[in-house]
Each structure stands twice: as structure tokens, then as C-alpha cells.
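Trainee: I have a new structure open and no idea where to begin. Can you walk me through it?
Mentor: Put it on the screen and ask as you go.

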Amino acid sequence: MSDSSKGGSHPSEDQKKAIYEGLSDDQKKKQTYTEWVKDAYNNQYENWMPWIEDKYLAWFGTDNKASYATKDTLDKTKVTGISQVDKLQDGVNHLVGDQVGKEGLLAPVGNMASKEGINRAERGGKDESGSYGGPASNYTDPVVKNAQGAGQGLAGGAQSAGGAVTDGAKGAGSYIGGMFGGGKKE
């Protein structure tokens, strides 16, 4: 009995292998089957988890991600250790967090921060459709991808330049140390 006949919608191991076997030889050379499955899993996780978290908060509370994060962060700022003051601080923290929650005065701001800020951060900057730029994605996505490539190239160049500077400084240090009697004794 296959997974789809049991009511599940995820592909069986045989179906995954068949999909992998259908890939071009170039794609197979880039990734092993295990790497390909891991990437597919991470892709699905990136797509579904923000939605699942949003649904959970909608069904079981009055928080959105912004209000939940606000309360959680403020709860970590207890300063006195005196129970009465901590209780007062808890009340203020929840009051502030509730204002960006579902029924708060700043609910539109909290909803936008949850969707466009927190969810995009969880998805690596992408929206729910996998785009970086939303409606303008035809123009912005290629720019973002080119900038990411340039940033990686720049980081690699800076790393090698930093290594060269460090090596030069080490060489100069050992030369100067040798002048004043330091360095290796033979």
C-alpha cells in the first residue's frame, strides 16, 4: 500500500528515487541522492514552517509573531529579582506585546512585521512565493542574486587579502624580533 493510498500526500522513497533518476546527468553530478533529498526537505521546511507557526498562533492565542517575539524578548529583561516589581514588569511587557498582537492598536504594524519581517527572515529574505521582490520580482530577483554572487566573491577576496596581510605582519614581527635577540634559538 503506497503513501498516497493511505491519505498522505508526500512521495514514497521509490517515488523520490524515480524523480532523482529523472534529473539530468549534470544535476546528478552536482548532488548525490542524499544531498538532493536534504535540499528538497530544507526547501519544504522553509516554505511551510512560517505558515504553520502563523496558524498555530492564530488558532491558540491572540499573538502574531511580532507580539510573541516582543513579549518573549521583554520577559528576558527582568532586572530586580523582587517579585512585586517583576510582576509589574510582566504586566507592562504583555501590554506592550499585546499592542502589536491580533487585537491591539498596532495590529496592522504587527501583522506586517510578522509577515514581511519575521517570516521573510525565516525564509532567507524570500516571500511566501519564493521571490525576493514581490510584485517587482522580475526586476529585483536578478539584482539580488547578482549582488549575492558579488558579495561572495568580495568576501573571498577580502579573506585572501586578510590572510596575506596577516602573513606579512607575522614575517615582519619575526624579523624585528630577530633583530633584538628574540626568535628561534638554534
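**Salt bridges and the rest**

Mentor: One count to begin with: the structure holds seven salt bridges. Keep in mind that this is a predicted model.

Trainee: Okay. What does the secondary structure of the chain come to, in helices and strands?
Mentor: The chain has seven helices and zero strands. From the N terminus on, the elements run α-α-α-α-α-α-α.

Trainee: Back to the salt bridges. Which side chain does Lys28 meet in one?
Mentor: Lys28 pairs with Glu21, at 3.4 Å from N to O. Lys28 is partly exposed, with a relative accessible area of 24%.

Trainee: Why would two such side chains pair at all?
Mentor: Side chains of opposite charge can pair when their charged atoms come close.

Trainee: And Asp54, what does that one form a salt bridge with?
Mentor: With Lys65, and the closest N and O atoms are 3.7 Å apart. Asp54 lies in helix α3 and Lys65 in helix α4 (residues 65–75), so this pair ties together parts that are 11 residues apart in sequence.

Trainee: Is Asp54 buried or partly exposed?
Mentor: Asp54 counts as partly exposed, because its relative accessibility is 29% and buried means under 20%. Lys65, at the other end of the bridge, is buried, with a relative accessible area of 7%.

Trainee: Which residues are linked with Asp54 and Lys65 in a network?
Mentor: Glu53 is linked with Asp54 and Lys65 in a network of salt bridges.

Trainee: What about Asp63, which side chain does it meet?
Mentor: The side chain of Asp63 meets that of Lys71 in a salt bridge, 2.9 Å from N to O. Both Asp63 and Lys71 are buried.

Trainee: Switching to α3. How many residues does it have, and how far does it reach?
Mentor: Helix α3 has 28 residues and reaches 39 Å from its first C-alpha to its last. That is close to the 40 Å expected at 1.5 Å a residue.

Trainee: Where is the kink in α3?
Mentor: At Trp48, shortly before the proline Pro50, and the kink is about 30 degrees.

Trainee: Stay with Trp48. Is it buried or partly exposed?
Mentor: Trp48 is partly exposed, with a relative accessible area of 44%. Trp48 also helps make a nonpolar surface patch of about 320 Å², together with Trp51 and Ile52.

Trainee: And what separates the C-alpha atoms of Trp48 and Glu128?
Mentor: They are separated by 8.9 Å, although Trp48 and Glu128 are 80 residues apart along the chain.

Trainee: Which residues of α3 are buried, then?
Mentor: Tyr33, Trp36, Pro50 and Leu57. What covers the buried residues of α3 includes α1 (13–21), α4 and α6 (107–122).

Trainee: You mentioned α6. What is Ser114 in contact with there?
Mentor: Ser114 is found in helix α6. Leaving aside neighbours within four places in sequence, Ser114 is in contact with Asn64, Lys65, Ala66 and Asn119. That list includes Lys65, which also forms the salt bridge with Asp54.

Trainee: Is Ser114 buried or exposed?
Mentor: Buried, because Ser114 has a relative accessibility of 5% and the cut-off for buried is under 20%.

Trainee: Another helix. Where is the place of Gln89?
Mentor: Gln89 is in helix α5 (residues 83–99). Gln89 is buried, with a relative accessible area of 16%. Not counting residues up to four places away in sequence, Gln89 touches Thr77, Lys78 and Val79.

Trainee: What about Thr73, how far is it from Asn93?
Mentor: Thr73 and Asn93 are 9.0 Å apart in space, C-alpha to C-alpha, and 20 residues apart in sequence. Thr73 sits in helix α4 and counts as partly exposed at 48% relative accessibility.

Trainee: Last topic, the whole chain. What share of its residues is buried?
Mentor: Buried residues make up 17% of the 186 residues in the chain. The accessible surface comes to about 13700 Å², and 60% of that belongs to carbon and sulfur atoms.

Trainee: And what share of the contacts comes from residues 24 or more positions apart?
Mentor: Such residues account for 38% of the contacts in the chain with a separation of 6 or more.

Methods:
Residues are numbered from 1 along each chain as its sequence is written. This is a predicted model: local features need pLDDT of at least 70, side-chain atom pairs count only at pLDDT 80 or more; totals for chains, interfaces and linings use all residues. Side-chain values use heavy atoms; hydrogens and water are left out. Helices (H or I, at least four residues) and strands (E, at least two) are DSSP runs, numbered from the N terminus. Buried means under 20% relative accessible area, exposed over 50%, partly exposed in between (1.4 Å probe, protein chains only). Contact means heavy atoms within 4.5 Å. Patches are made of residues with over 30% relative accessible area and no salt bridge: like charges are joined within 9 Å, nonpolar side chains (Val, Leu, Ile, Met, Phe, Trp, Tyr) within 5 Å. Accessible areas come from the Shrake-Rupley method with a 1.4 Å probe; for residues, only the protein chains shown count as cover. A salt bridge is a side-chain nitrogen of Lys or Arg within 4 Å of a carboxyl oxygen of Asp or Glu. The expected span of a helix is 1.5 Å times one less than its number of residues. The bend at a residue is the angle between axes fitted to the seven residues ending there and the seven starting there.
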